[in-house]
Structures are given as C-alpha cells and as structure tokens.
Amino acid sequence: MKIRSRLLAALLMVFALNCSLLSFAGETAPVQLPSPQKDGGKPLMSALNDRSSGRSYSGEKLSMQTLSNLLWAAFGINRPDGRRTAPSAHNWQETDIYVATPDGAYLYDAKNNTLIPIVSKDIRSVTGVQSYVKDAAVNLVYVSDTPKLKEAGPDSQILSGADTGVIAENVYLFCASEGLSAVLRAGIDRDALARELQLKPEQKIILAQSVGYPKK
C-alpha cells in the first residue's frame with residue numbers, strides 16, 4: 001500500500017508540473033517592465049560622438065531593466081499629458097514598436113510600461129534578411145498604424161518615415177550611452193514578418209532596428 005501511495009503521489013506531482021508548464025507556455029498576460037531609469041548615462045555630446053551602426057552581436061540577453069530603459073528612450077511617455085520622448089506629426093503617435101526577443105515577440109505598451117505578448121517563439125531571424133539579426137538581443141520593428149495618418153493625405157508616408165527615424169535615433173543615442181550596438185535596417189521581408197506579428201492590412205512595417213551587446 002505504501003508503495004502504491006508513493007507512486008500515486010509521484011504521478012500527481014508530475015501531472016501538476018506538466019499543467020503548470022502548459023499554463024505558463026500559454027500565458028498571454030502583459031509583462032510588466034521595471035520603471036525606466038531616467039538619470040545617468042553619458043552626456044549628450046559624448047553619446048553623439050559615440051553613435052555608430054554595429055552589425056556584430058554577442059548573443060547576450062538584455063536585462064529587463066535595460067530593455068525598459070531602451071523602450072522608454074525610444075518612444076516612452078515623458079510628460080503627464082501622454083506625449084512621448086520622440087515627436088510625431090500632430091502628436092498622432094502612429095508608430096508602434098514590436099519587440100522580437102529570444103523568448104517571443106511583444107508589442108510595447110508605453111502607457112502601461114508593459115510588453116503585450118504576440119508570438120511565443122523566437123522570430124528574430126524573420127525581422128530582416130541580414131544574417132546577424134538572429135544574434136541581436138532584440139530586434140525592434142517599427143510599424144505605422146496608418147489610419148492615424150488619414151489627415152496627412154499624400155504626405156502620410158513621408159511623415160511616417162520621419163517619425164520612425166526620430167525614434168530610431170533615440171535608440172542609437174541610448175545604445176551609444178550604454179555600450180550597446182545598434183543598426184537601423186530596411187532589408188525586411190515585410191509580408192513574412194507581418195504574418196508572424198499578426199498585423200492587420202492597415203499596419204505597415206516601416207523599418208527595423210537590431211540592438212544588443214557587441215561581439216568582442
């Protein structure tokens with residue numbers, strides 16, 4: 001009887017473990033990021049002097065704190081009225097940042113400082129046609145929510161590209177300050193990536209940017 005009881009207890013433990021793993025694997029709740037650190041870093045002129053594009057990555061992951069700081073620098077909220085660290089035409093804020101990591105792909109929610117899960121697999125290699133994108137700690141994908149630009153008329157593409165460029169430069173300066181490597185990219189199979197990110201037809205991929213620790 002004791003042997004049977006122990007065997008039953010062991011089976012129940014295995015079952016419970018499997019259930020918890022399945023529950024975790026299917027988790028869709030937003031991931032709360034740490035509050036961004038808004039002090040420290042290099043002086044602006046030093047960061048500008050060190051800004052460069054890098055295409056060789058060590059594969060080391062970014063900490064959650066560094067990722068939070070990076071995303072806030074890119075396009076986080078810096079004023080009580082909801083305006084951001086990067087300007088956008090008429091404050092339309094049409095640019096969404098998707099974050100591809102080794103653990104999955106997420107949508108950055110600046111208002112709540114969270115990552116909204118989109119894909120539970122590593123899609124970094126799909127974020128660009130370049131061989132190094134799979135090694136970068138994160139690949140940021142800049143997506144324009146085009147209905148927000150409907151008042152721009154024929155200038156919508158120009159404004160969307162300009163707004164994305166300002167965000168990307170924020171990322172470049174943050175990386176220069178933190179000793180990270182970054183490169184802005186246009187070489188993307190946009191149809192394939194849009195499928196992976198489950199984008200709607202009106203959501204247009206503009207550019208992507210690889211970020212990570214440089215390979216030494």
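The lining of the second largest pocket divides into 7 nonpolar, 8 polar and 4 charged residues. In this predicted model, the pocket holds about 460 Å³ of space. Of the 19 residues that line the pocket, those closest to its centre are Gly-40, Ala-73, Phe-174, Ser-177 and Glu-178. Three elements, α2 (44–50), α3 (64–75) and α4 (156–178), each give two or more residues to this lining. The greatest contribution is that of α4, with 5 residues.

Helix α3 may now be considered in its own right. It comprises 12 residues and reaches 17 Å from its first C-alpha to its last, close to the 16 Å expected at 1.5 Å a residue. This helix is mostly covered, as 10 of its 12 residues are buried, that is, under 20% relative accessible area. The buried residues of α3 are Thr-66, Leu-67, Ser-68, Asn-69, Leu-70, Leu-71, Trp-72, Ala-73, Ala-74 and Phe-75. Ala-73 is thus buried in α3 and is also one of the residues closest to the centre of the second largest pocket.

What surrounds this helix? The cover over the buried residues of α3 includes the strands β2 (95–101), β3 (104–109), β4 (114–119), β5 (138–145) and β7 (203–212), together with the helix α4. Helix α4 therefore appears in two settings: it is among the elements that cover α3, and it gives the most residues to the pocket lining.

A word on confidence completes the picture. The mean pLDDT of the protein is 90, and 88% of its residues reach 70 or more. Over residues 7–26, however, the pLDDT is below 50, and this stretch has 0 contacts in the model beyond near neighbours in sequence.

Notes
Residues are numbered from 1 along each chain as its sequence is written. This is a predicted model: local features need pLDDT of at least 70, side-chain atom pairs count only at pLDDT 80 or more; totals for chains, interfaces and linings use all residues. Side-chain values use heavy atoms; hydrogens and water are left out. On a 1 Å grid over the protein atoms alone, a cavity is a set of points where a 1.4 Å probe fits but cannot get out, and a pocket is an open set with protein on both sides within 12 Å along at least five of seven lines; lining residues have an atom within 4 Å of a point. Grid points are joined across faces, edges and corners, and a volume is the space filled by probe spheres set on the points. Helices (H or I, at least four residues) and strands (E, at least two) are DSSP runs, numbered from the N terminus. Ala, Val, Leu, Ile, Met, Phe, Trp, Tyr, Cys and Pro count as nonpolar, Asp, Glu, Lys and Arg as charged, and the others, Gly among them, as polar. pLDDT is the predictor's confidence in each residue, from 0 to 100. Contact means heavy atoms within 4.5 Å. The expected span of a helix is 1.5 Å times one less than its number of residues. Buried means under 20% relative accessible area, exposed over 50%, partly exposed in between (1.4 Å probe, protein chains only).
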